[in-house]
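Hello,

Here is the structure I promised to pass on to you. Please open it next to this email, and then read on for what turned up in it.

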Amino acid sequence: VRRADRSFPLRELADRVGAELAGDPACVITGLGTLEDGGEGDIAFLANPRYRKHLAGARVSAVLLREADRAACSCNVLICRDPYLAYARVAALLYPEPAVAGGIHPAAVVAPGAAVDPTAWIGAGAVVEDGARIGPRAFVGPSCVIGRGSVLGADCRLVARVTICHDCTLGERCLVHPGAVIGSDGFGQANDAGRWVKVPQLGRVVIGDDVEVGANTTIDRGSLRDTVIGNGVRLDNLIQIAHNVEVGDHTAMAAFAGVSGSTRIGRHCTLAGASGLVGHISLADNVHVSGMTMVTHSISEPGVYSGNVPAIPNREWRKNIARFNRLDELARRVRALEGRLGGGAGERAAEDEQ
Amino acid sequence: VRRADRSFPLRELADRVGAELAGDPACVITGLGTLEDGGEGDIAFLANPRYRKHLAGARVSAVLLREADRAACSCNVLICRDPYLAYARVAALLYPEPAVAGGIHPAAVVAPGAAVDPTAWIGAGAVVEDGARIGPRAFVGPSCVIGRGSVLGADCRLVARVTICHDCTLGERCLVHPGAVIGSDGFGQANDAGRWVKVPQLGRVVIGDDVEVGANTTIDRGSLRDTVIGNGVRLDNLIQIAHNVEVGDHTAMAAFAGVSGSTRIGRHCTLAGASGLVGHISLADNVHVSGMTMVTHSISEPGVYSGNVPAIPNREWRKNIARFNRLDELARRVRALEGRLGGGAGERAAEDEQ
Amino acid sequence: VRRADRSFPLRELADRVGAELAGDPACVITGLGTLEDGGEGDIAFLANPRYRKHLAGARVSAVLLREADRAACSCNVLICRDPYLAYARVAALLYPEPAVAGGIHPAAVVAPGAAVDPTAWIGAGAVVEDGARIGPRAFVGPSCVIGRGSVLGADCRLVARVTICHDCTLGERCLVHPGAVIGSDGFGQANDAGRWVKVPQLGRVVIGDDVEVGANTTIDRGSLRDTVIGNGVRLDNLIQIAHNVEVGDHTAMAAFAGVSGSTRIGRHCTLAGASGLVGHISLADNVHVSGMTMVTHSISEPGVYSGNVPAIPNREWRKNIARFNRLDELARRVRALEGRLGGGAGERAAEDEQ
């Protein structure tokens with residue numbers, strides 16, 4: 001990793017992230033490194049126990065770790081409850097985001113009716129349409145398109161080639177990665193004797209503050225209501241948010257997560273990779289959906305929900321899936337056996353199946 | 001939702017969508033609203049029974065609904081067989097697509113050998129390559145790329161940042177959303193002793209009339225044949241259509257649907273979200289595939305096909321999946337029990353397994 | 001398919017691809033065709049037995065096929081071990097990639113500090129930022145963005161609208177399709193009492209030689225290490241490669257494959273469509289993952305791994321999935337039956353479950 005833009009004595013880092021320092025307070029940290037590859041001047045972190053084996057041989061100048069791992073480390077340590085969180089803060093101190101230089105690239109196209117704050121930057125090839133408003137210190141990277149009437153809050157950063165369709169709003173400090181599309185039409189199709197009739201999509205996308213949207217993720221505009229993304233929501237790459245969806249504050253989704261139309265997700269939920277929610281359901285706060293899991297009903301209780309078939313060697317899987325395809329028959333055979341032997345279990349099971 | 005561009009007396013709306021009017025024929029409709037949030041001047045619809053509870057308290061001026069729901073509504077009603085379809089038509093009347101103003105934005109790049117109809121619009125930053133033909137009233141939004149030799153039919157609308165690669169054709173009235181890629185190379189890879197050798201992709205993508213293509217959806221060009229998308233097909237966001245695929249007229253697919261190479265899909269099929277079809281198979285007309293379902297064989301009978309594991313609480317799922325991974329053994333144990341008890345079922349099952 | 005750019009006598013094609021010729025060596029091949037649709041002057045191939053039925057009626061001038069299919073073909077044949085591979089080579093001979101004409105389109109934006117080889121092409125609307133280096137004969141298609149400090153090796157081809165973020169490197173002869181994003185931020189999020197704190201993503205993406213990246217595929221930059229894609233890797237459309245992932249040489253992935261953070265994949269692996277790998281695991285060389293399969297643990301043995309539920313008619317699936325959701329109970333009932341009947345199997349099973 002490149003050298004850090006700034007450097008700090010360990011004492012100051014400890015204070016800034018609220019960690020307990022054990023070691024040389026004057027040791028100067030000039031960069032980040034991994035336990036495996038980092039060197040002199042670097043600070044590393046240990047959060048995942050999988051990487052504890054690298055602690056003994058680490059050549060970094062300091063390590064962020066939990067109290068329990070302290071004894072295993074012979075270099076300077078910053079002891080904290082959540083080393084990954086402390087690492088995030090240290091990284092942001094060492095590598096601050098560069099300040100945005102206001103201005104409009106000569107190869108950008110800004111409509112006369114657009115309002116661009118003088119401290120905002122509009123990059124080469126970007127197109128800002130009529131009625132759009134770009135807030136203070138916002139960064140609109142190369143080849144972005146900001147549709148008519150859309151609003152970017154202060155300090156938003158659109159990395160490059162982002163599309164914001166018309167009449168959408170982003171709060172402050174949103175970060176949007178390349179290829180993301182915000183405000184595309186929802187997939188509303190009525191059927192007239194076999195032919196699809198498009199339903200006009202008249203709502204907007206309304207995004208809160210501190211939201212991150214990953215590369216090539218798509219968020220459709222509402223049909224009548226708005227599609228609403230709460231504050232602090234984090235979306236990975238290649239996610240689909242359908243029309244009228246509401247995502248609660250501080251919910252996070254991993255790549256390929258998909259949320260179908262009009263579904264409401266609570267606060268502090270997580271959707272793991274390639275999980276999907278059908279339409280018109282709601283999830284309570286603090287619901288966590290496992291990877292490649294399909295949620296088909298509303299969930300009112302917090303907790304972890306799963307439904308997938310983890311990989312096993314193909315030969316075993318083939319036998320099991322063949323059995324699965326006759327599972328109902330197998331269950332009937334078990335009931336028949338129970339019936340022949342008599343007694344409670346079989347009768348209870350039979351009653352359940354009425 | 002914003003005020004409608006036009007307004008209509010209820011009588012006229014009823015006539016235009018073929019609904020039976022009960023209420024004040026002179027009531028003027030000036031917009032759309034939901035049962036929950038709409039107000040004076042709005043028309044709402046009730047299709048999904050889930051939302052019937054909002055009927056009593058609705059403050060809209062009129063509601064599109066089925067005969068069966070009529071009694072529960074105290075305001076003006078338009079009674080129709082399919083309220084969602086009627087709503088689509090009403091919405092299109094109230095919010096018509098704006099007419100396309102012909103011209104070429106000064107920041108567009110149109111090759112000298114391209115033929116752009118004078119009534120078509122080419123937006124800022126768009127690139128139209130040699131030999132491309134853009135039909136009457138077509139709208140090519142900002143930052144679109146139209147490759148050499150490609151053809152857009154009359155009234156096509158490419159919202160923004162769409163890529164049409166070389167030598168592809170779109171029929172009339174197609175609507176393509178941002179980030180979609182039409183005509184990328186198919187994934188043809190031969191293997192030479194462990195190294196992949198690219199197979200040139202020489203076919204085209206040929207798209208019919210009235211097709212909608214969602215944001216960031218990809219449609220690969222054929223290897224030798226063309227990839228063919230029939231009339232009236234509707235594709236949601238983030239869909240993958242591989243090379244040589246043929247999609248029959250009026251088929252619709254939801255987000256993350258994927259169709260592997262050379263597969264043929266019939267007419268009036270639906271693929272739900274995240275469903276996938278392996279390559280070189282065919283689906284009859286009127287086949288409906290459930291969400292997150294993988295189709296591994298050709299399907300010759302119309303109907304609904306499913307294969308997924310809906311979410312349940314993780315604790316229960318863990319137990320069941322552990323059992324699934326020993327399902328073959330469980331079935332053998334059941335057979336053994338049947339054998340020990342004697343009689344028909346066990347013997348039949350044993351025969352089936354020969 | 002369009003006429004070939006070049007033509008060859010059959011003798012020369014046979015020599016070039018190492019095939020045995022049976023037929024007229026002077027027959028001139030002027031194009032490619034399928035067994036079903038090809039005609040005079042075309043050469044076809046037969047690899048998938050599914051298409052053998054078209055052999056008898058084929059009207060092409062020659063067919064690439066295996067020895068075993070020779071007798072069934074009455075026209076000229078080129079006999080080879082792998083007809084698909086031979087076809088790939090023949091296609092590349094007949095339809096060579098056009099040479100790149102060096103230059104910079106007047107509507108491209110190249111920063112003064114970028115180094116563009118004079119033999120490279122920068123297309124209309126492309127943006128090349130400071131410090132970027134574009135190698136000999138590289139082709140940067142319309143509307144691509146090459147971030148500051150990024151490097152394209154010789155003969156790379158970015159078809160159109162590709163985004164390479166800052167400080168990434170591509171080796172020689174890489175082919176990247178429209179909408180692909182290389183070097184977007186990894187999804188690193190620490191949690192501070194319910195609020196997500198972004199972890200700066202400071203690594204790069206480093207891509208080897210002869211890599212193909214499909215349309216709308218995303219490859220995230222590393223957090224501290226780099227994300228590394230080996231030589232000869234082939235990625236289809238809409239794939240997600242997360243931060244710090246390492247993909248071994250000559251591995252291929254089909255559409256919607258997803259690899260979570262810090263996972264390492266060996267050489268010569270294949271991930272079928274919509275398969276997914278959790279983070280922080282490793283796959284040995286020559287591991288093949290089936291479609292829609294989720295890999296949740298490291299795999300150290302080569303082979304095929306599967307975990308999905310292929311589609312069956314919905315009515316049957318409903319019954320089976322209901323049974324699946326009570327599979328643990330069913331297994332307990334079987335054990336109870338075994339206990340009541342006495343004997344070995346039940347006891348062994350009971351012991352397993354301790």
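Let me start with a term you will need: two strands count as paired if DSSP finds at least two bridges between them. Please also keep in mind that this is a predicted model.

A good place to try the term out is chain C. Its strand 29 (residues 240-241) and strand 32 (residues 258-259) run parallel and are joined by two bridges. Within that pair, Ile241(C) has Val259(C) in strand 32 as its bridge partner. Both strands belong to an open sheet of ten strands in chain C, with parallel pairing and the order 9-12-15-18-21-26-29-32-35-38. Strand 9 (109-110) and strand 38 (294-295) of chain C have a single partner strand each and stand at the edges, so one side of each has no neighbour in the sheet.

Now for how the chains relate. A turn of 120° with a shift of 0.0 Å along the axis lays chain A on chain B, with an RMSD of 0.0 Å. This is the relation of a three-fold axis.

Next, where chain A meets chain B. Here 74 residues of chain A are in contact with 76 residues of chain B. The two chains bury about 6,200 Å² between them, and 63% of that is on carbon and sulfur atoms. Three residues, Trp196(A), Leu224(A) and Arg323(A), supply 12% of the area chain A buries against chain B, more than any other three. There are six salt bridges across this interface. In one between Arg333(A) and Glu338(B), the closest N and O atoms are 2.7 Å apart. The count of residue pairs in polar contact is 32. Several elements contribute to this side of chain A, including strand 21 (181-184), strand 22 (189-192) and helix 3 (314-324). Helix 4 of chain A gives the most, with seven residues. By type, this side of chain A divides into 35 nonpolar, 25 polar and 14 charged residues.

Strands pair between these chains too. Strand 39 of chain A runs antiparallel to strand 40 (residues 312-313) of chain B, and two bridges join them. Tyr305(A) has Pro313(B) as its bridge partner there.

Then there is the side of chain A that touches chain C. Which residues of chain A lose the most area to chain C? They are Arg161(A), Met292(A) and Phe324(A), together 10% of what that side buries. The contact involves 76 residues of chain A and 75 residues of chain C, and the buried area is about 6,100 Å², with 62% from carbon and sulfur atoms. Six salt bridges cross this interface. One of them joins Arg89(A) to Asp192(C), with the closest N and O atoms 2.4 Å apart. Polar contacts link 32 residue pairs. Helix 4 of chain A has the largest share of this side, ten residues. The residues here divide into 40 nonpolar, 19 polar and 17 charged.

Strand 40 of chain A pairs with strand 39 (residues 303-306) of chain C in the antiparallel sense, over two bridges. In that pairing, Pro313(A) is the bridge partner of Tyr305(C).

Finally, look at chain B and chain C. Strand 39 of chain B and strand 40 (residues 312-313) of chain C also pair antiparallel over two bridges, with Ile312(C) as the partner of Ser306(B).

Enjoy looking around!

Best wishes

How values were computed:
Residues numbered from 1 in each chain as written. Chains lettered and ligands numbered in written order. Predicted model: local features only at pLDDT ≥ 70, side-chain atom pairs only at ≥ 80, totals over all residues. Heavy atoms only, no water. Contact = heavy atoms within 4.5 Å. Buried area = accessible area lost by both parts, 1.4 Å probe. Salt bridge = Lys/Arg side-chain N within 4 Å of Asp/Glu carboxyl O. Polar contact = N/O pair within 3.5 Å; in protein donor to acceptor, adjacent residues only side chain to side chain. Helix = DSSP H or I, 4+ residues; strand = E, 2+ residues; numbered from the N terminus. Nonpolar A, V, L, I, M, F, W, Y, C, P; charged D, E, K, R; others polar. Least-squares fit on C-alpha atoms with pLDDT ≥ 70 in both.
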